[in-house]
Amino acid sequence: MKHDRPQKTVLRFSRVIGPLRRDGVLAAALLLPALPYFGMWLAMPSQFRAVVALGLAHGTPLVWEAVALGVYLLLVWAMLLARGRLAPIPMLTAAAPLAVAVGAHLAAAGARLPLLLFTAATLVAIGLGVYRAARVDATKWRELPGSRWLPLAVGALLFIAAAAASVVSPLEFPRALGSLAILAIFVGMLSLVIAAMVLKPKFAALAIAYSAIALVLFAPNNHAVPSKRATVDPLEINTAFATWLNSRRDLNAYRSRGLPYPVIFVSSEGGGIFAAAHAYGTLSAIARSCPTFNQHVFAAVGVSGGAIGNVLYAAASKTEQSEYVRCSPRIEGMAATPVVTDHLSPVLARLLLLESLDQLLPGQWLATDRGQILTDSFLSVVVDRKLAESALSDSYDPKGARPAIIAVTTDRSTGNRMILSPFQVDARYSAAEWWPGTSSYDSGPKRDDRSQISLINAAGLSARFPWVTPTGLLRLSDRETRVVADGGYFDNSGAETIKDLIDTLRFAHNWSTFVNTVDGEKSDIAAPADKGCTEPRIVLVNNFHMPSTKWNDCQITIFPVYLALASDPAERDSEAGRQSFLGDPIAVLLSSRGSRGENALDYADLYYCGLRRGVSGSECAAVPGSTLGMFRNNIAPARWDLPLGWFMPRSRFNAIMKGTAVDEHFDFPKTGRPAVTETELMIYYLDPSLWDDSADPHIGSLYENFGP
């Protein structure tokens, strides 16, 4: 009897090891489709938590996801059953995507460990129960004709049906289905294909060989950006600015007080949907409470999501200017639809359901890629669709109230900025390439400046950050194309492009003055007012309330104001001391993307007299004698739990609005409360009456919290 114990132990051990040796490869392969859910469980990005919260709130997205994962799990089990491999180990590993998805969802919803363990145990029990029931009919199932390939065929038909529906309805169907269900369909089909490849080595060899040929020989997906014919040529920037300035309806409110006219330049930082929500919400809130804000903004420069937010803001703003009106809080709510609409699901459907198939077929079957689908998704909810669809040159009216919308991209071949703008900028004043306008210093082939793209497509091209959206193919002429990527690769802040704009205006004035002085001619600026002049000279000053500011028929004095919509640099930090072979390269790329933008903002802070590097209220370190000319409106993505993808819950949009532009910012004429934010300081420039000696409140008391 004593000798029987070791034999029984060996027998029991062999019963465990035997199935592992037989089904180990199959079981390991069936675990692979669970990796996306496992990665989200570990990383727990805010975008995933936001999508799960939406599913819990509405229910339907989670139902469709559960149905998709459940149906494909049954199909995998049916395939195992047909080939006589329905054993407990591969059966349970095939359920890994469902089990890990449930665990990730519970973790995203804040569930604790006991609930996760209970859920896992329940799924194991269900799997064992189904396994016992399936064994009874195993023989009958294997005798059915085509039973070995029927599960794969059914799964492929379901996948193709979902893909076809997303072709017919590229926006509404994916939104109704939800991003979680779209991912579940893709993961389920992947599980079926992997199971078939392991069970049938010949099929695996054929599939691998065909995929390799397709990737090498077949044309890639179509990433061309649709062209748009403009009705007018790009405007020369100095001519456009002169027209813009002379048409301002509140110009005399500053002229009569001897104050320079504030010209606001806005930059909107990149960052996916939270950057779009920041730009759209904050700028719209300021414009809602300050009727003259829009007409003071000459240009709004956007990068990535910030570029899309700028278009949403411009499309929702009024077109007509107004006379000088003081700011006051407006109680009506902000329309959140443009940013709280699900823009993620259409992109995922195009990527997982369609582009994955298109890549394996000869030719280019899809007319638009997922980058274009993202643009179309925002176009579907924009307030003024006509503006969004207009060509770049047609999108700007220098006599209207809307600013010029400029998008920053990155040229893949040079790594330099490529600026998509309605302006023509002289190459002497900018290190970047401006398109579609060409300058006299451009040495490239002659282009048709009216062959352009739409305003919303320019913003979408700026937001093509891999791998969610690919690089875009921009056709500059019949003979020239460019591969263009997200503008954040070069400068995620937009600050360098703002500097180009202001310097272009400054250099134009300085150059004409220099030429007149060298030639010995009498400049128009020196002509007596009663003798008149050919046209008013535009003079930029660095001090808003300097006594020597002069207005006459030959001179208009302006004061450039820079409003930067950015992120708190403290929120860019990651966990120190942890290394990852796979994650570190991406982490460094993203960190350098943010730090380069922050460096550009720091330089602008010095150059335009901001509150971070300069001496507040008196002078700046770089330009002594200047008054405050740069203001930051920051968000805190990590602290406010803002998603980086393309879906923004309404609660997170409300958090942005509460932190960037609340009603209290605009009630200073009534309460006299001193400013507590940089945005409030910027708003004071929109109220010239604050600088009157008898004004109550007076500008001095309102600056109390920001004194030297």
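Are R370 and E355 buried or exposed? I started my notebook with this pair, and I found that R370 is buried and that E355 is buried as well. I should say at once that I am working with a predicted model.

**Entry: the R370 pair**

I looked up how the two side chains meet, and they form a salt bridge with 2.3 Å from N to O. R370 belongs to helix α20 (residues 370–379) and E355 to helix α19 (residues 344–358), so this bridge ties together parts that are 15 residues apart in sequence.

**Entry: the chain as a whole**

Next I stepped back for an overview. I noted 28 helices and 14 strands in the chain. The chain has 708 residues, and 53% of them count as buried. I then looked at contacts between residues at least 6 apart in sequence, and 76% of these join residues at least 24 apart. For the accessible surface of the chain I wrote down about 31,400 Å², with 61% of this belonging to carbon and sulfur atoms.

**Entry: the core**

I turned to the inside. Nonpolar side chains tend to be buried together in soluble globular proteins. Here the largest nonpolar core has 185 residues, and F293, F298, L563 and Y684 have the most contacts inside it. Helix α11 (residues 179–199) gives the most to this core, namely twelve residues.

I picked Y684 for a closer look. Which residues does Y684 touch, once its neighbours within four places in sequence are left aside? I listed F668, R673, P674, A675, L690, W691, I699, L702 and Y703.

I also checked helix α22 (residues 455–462), where eight of the eight residues are buried. Among them are N457, G460 and S462, alongside L455 and I456.

**Entry: aromatic pairs**

A pair of aromatic rings is described by the distance of the centres and the angle of the planes. My count came to 25 aromatic pairs. One of interest to me joins F544 and Y685, edge-to-face, at 4.6 Å centre to centre and 65° between the planes. Why does this pair tie together parts that are 141 residues apart in sequence? F544 lies in the loop between β12 (537–540) and β13 (555–567), while Y685 lies in the loop between α27 (678–684) and α28 (699–702), so the pair links these two loops. F544 is buried, at a relative accessible area of 0%, and Y685 is buried too, at 3%.

F544 also pairs with W691: the ring centres are 4.7 Å apart and the planes stand at 65°, so I logged this pair as edge-to-face. W691 lies in the loop between α27 and α28 and F544 in the loop between β12 and β13, so here the parts tied together are 147 residues apart in sequence. Both F544 and W691 are buried.

Elsewhere, I found one aromatic cluster formed by F241, W244, Y254, Y261, F265, F298, Y396 and F423. F298 caught my eye, since I had already noted F298 among the residues with the most contacts inside the largest nonpolar core.

**Entry: more salt bridges**

Side chains of opposite charge can pair when their charged atoms come close. I counted 20 salt bridges in the structure. In one of them D687 meets R326, with the closest N and O atoms 2.7 Å apart. D687 sits in the loop between α27 and α28 and R326 in the loop between α17 (305–316) and α18 (337–340), so the bridge ties together parts that are 361 residues apart in sequence. D687 is buried, with a relative accessible area of 0%, whereas R326 is partly exposed at 30%.

Another bridge joins D568 and R639, at 3.9 Å from N to O. D568 lies in the loop between β13 and α24 (583–607) and R639 in the loop between β14 (630–635) and α25 (650–660), so parts that are 71 residues apart in sequence are tied together. D568 counts as partly exposed at 22% relative accessibility, and R639 as exposed at 55%. I also saw that D411, E433, E480 and R482 are joined into one network by salt bridges that share partners.

**Entry: a patch on the surface**

Last, I went to the outside. V63, W64, V67, V71, L150, V154 and L158 form a nonpolar patch on the surface, and together they have about 550 Å² of accessible area. Two elements give two or more residues to this patch, α4 (60–82) and α9 (150–168). Which element gives the most to the nonpolar patch? I noted α4, with four residues; V63 is found in this helix.

Technical notes
Residues are numbered from 1 along each chain as its sequence is written. This is a predicted model: local features need pLDDT of at least 70, side-chain atom pairs count only at pLDDT 80 or more; totals for chains, interfaces and linings use all residues. Side-chain values use heavy atoms; hydrogens and water are left out. A nonpolar core is a set of buried Ala, Val, Leu, Ile, Met, Phe, Trp, Tyr and Cys residues joined through side-chain atoms within 4.5 Å. Buried means under 20% relative accessible area, exposed over 50%, partly exposed in between (1.4 Å probe, protein chains only). Contact means heavy atoms within 4.5 Å. Patches are made of residues with over 30% relative accessible area and no salt bridge: like charges are joined within 9 Å, nonpolar side chains (Val, Leu, Ile, Met, Phe, Trp, Tyr) within 5 Å. Accessible areas come from the Shrake-Rupley method with a 1.4 Å probe; for residues, only the protein chains shown count as cover. A salt bridge is a side-chain nitrogen of Lys or Arg within 4 Å of a carboxyl oxygen of Asp or Glu. Rings of Phe, Tyr and Trp (its six-membered ring) pair if their centres lie within 6.5 Å; planes under 30 degrees apart count as stacked, over 60 as edge-to-face and the rest as tilted.
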